Amino acid sequence: MEKSKLLTEINNIGHAFYNKNDSKKLKDPIFLEQIHSFEVVRVTRPNAVLKPADAMVTCVPGLKLTLKTADCAPVLLADKKRGVVAAAHAGWKGAFSGILETTLLEMVRLGAWPDNIVAAIGPCIHVNSYPVEEEMKQLFTENVQEFFVKRRGTEHFDLPGYVAYRLYRAGLKEVDIIDVNTYTDKRYNSYRRDPSNPARQFSSIWVEE
């Protein structure tokens with residue numbers, strides 16, 4: 001299990017980035033059908049039927065907004081003063097499409113203040129383990145080409161770096177990156193390492209009751 005220093009410092013917020021074994025111990029998680037989109041839903045009660053999306057936002061105490069990942073970046077966000085939290089599933093497609101900005105907008109609609117929001121990027125695949133096709137690089141504008149790095153003649157993508165860039169560009173001043181590569185750390189499930197394994201680890205955030 002990993003924790004973010006930024007989120008831990010907030011008194012009324014609970015959170016954790018669980019590894020594949022710890023994930024089995026999480027009680028009463030609220031899940032989404034994640035679809036690599038920029039869709040965000042607001043969660044108001046434990047047993048709500050949620051439409052497919054890639055981020056959840058709430059201010060209701062006790063609701064454990066929980067992501068399933070196995071290389072994509074789980075992003076947990078909280079307003080330090082107003083009791084608003086969010087969880088966003090950010091693969092490269094979701095981040096590229098605007099899932100993080102849409103999540104922040106929904107947090108503000110729920111009462112958060114942009115200057116108060118902090119974020120933590122959880123265990124995900126890191127640049128040395130993430131080869132991508134040249135066609136993917138061509139989708140990105142020139143000012144973000146720095147997140148592509150050549151390794152042995154193949155392009156590699158810096159997913160946590162790009163996610164952090166999108167959060168900073170959206171106005172956040174504090175972003176924590178958990179230094180865990182899911183591909184190389186066997187405590188975590190990795191789709192790239194084992195695409196036949198359907199298991200995922202969980203990342204969760206909630207307002208304390």
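**Exercise 1.** Is lysine 173 buried or exposed, and at what relative accessibility?

*Solution.* Start with the basis: this is a predicted model, in which local features need pLDDT of at least 70 and side-chain atom pairs count only at pLDDT 80 or more, while totals for chains, interfaces and linings use all residues. Residues are numbered from 1 along each chain as its sequence is written, and side-chain values use heavy atoms, with hydrogens and water left out.

Step 1. Take the classes: buried is under 20% relative accessible area, exposed is over 50%, and partly exposed lies in between (1.4 Å probe, protein chains only).

Step 2. Lysine 173 has 62% relative accessibility and therefore counts as exposed.

**Exercise 2.** Find the salt-bridge partner of lysine 173 and place both residues in the chain.

*Solution.* Step 1. Apply the criterion: a side-chain nitrogen of Lys or Arg within 4 Å of a carboxyl oxygen of Asp or Glu. The count by this rule is 13 salt bridges.

Step 2. Lysine 173 meets aspartate 115, with an N to O distance of 3.5 Å.

Step 3. Helices (H or I, at least four residues) and strands (E, at least two) are DSSP runs numbered from the N terminus. Lysine 173 is in the loop between helix 5 and strand 11, and aspartate 115 is in the loop between helix 3 and strand 8 (117-121), 58 residues apart.

Step 4. Aspartate 115 is exposed as well, because its relative accessible area is 58%.

**Exercise 3.** Describe the salt bridges of arginine 166 and arginine 187.

*Solution.* Step 1. Arginine 166 pairs with glutamate 101, their closest N and O atoms being 2.8 Å apart. This pair links helix 5 (residues 159-169) to helix 3 (residues 99-109) across 65 residues.

Step 2. Arginine 166 is buried at 8% relative accessibility, whereas glutamate 101 is partly exposed at 22%.

Step 3. Arginine 187 and glutamate 2 form a salt bridge at 3.5 Å, N to O. Arginine 187 lies in the loop between strand 11 (175-177) and strand 12 (201-207) and glutamate 2 in the segment before helix 1 (5-8), so the pair ties together parts 185 residues apart in sequence.

Step 4. Arginine 187 is partly exposed, at 36% relative accessibility. Shared salt-bridge partners join Glu2, Asp185 and Arg187 into one network.

**Exercise 4.** Work out the surroundings of strand 6 (residues 73-79).

*Solution.* Step 1. Seven of its seven residues are buried. On one side these are Ala73, Val75, Leu77 and Asp79, and on the other Pro74, Leu76 and Ala78.

Step 2. Two strands pair if DSSP finds at least two bridges between them. Strand 6 runs antiparallel to strand 7 (residues 85-90) over six bridges, with alanine 73 partnered by alanine 90.

Step 3. These two strands form a hairpin with five residues between them, and glycine 83 in the turn has a positive phi of about 65°.

Step 4. Strand 8 is also antiparallel to strand 6, through five bridges; leucine 77 stands opposite alanine 119 there.

**Exercise 5.** Which residues have the most contacts inside the largest nonpolar core?

*Solution.* Step 1. Such a core is a set of buried Ala, Val, Leu, Ile, Met, Phe, Trp, Tyr and Cys residues joined through side-chain atoms within 4.5 Å.

Step 2. The largest has 38 residues, and those with the most contacts inside it are Val75, Leu77, Met107, Phe157, Leu159, Val163 and Leu167.

Step 3. Helix 5 gives the most to this core, with five residues.

Step 4. A second, separate core of 25 residues includes Leu7, Ile10, Ala78 and Val85.
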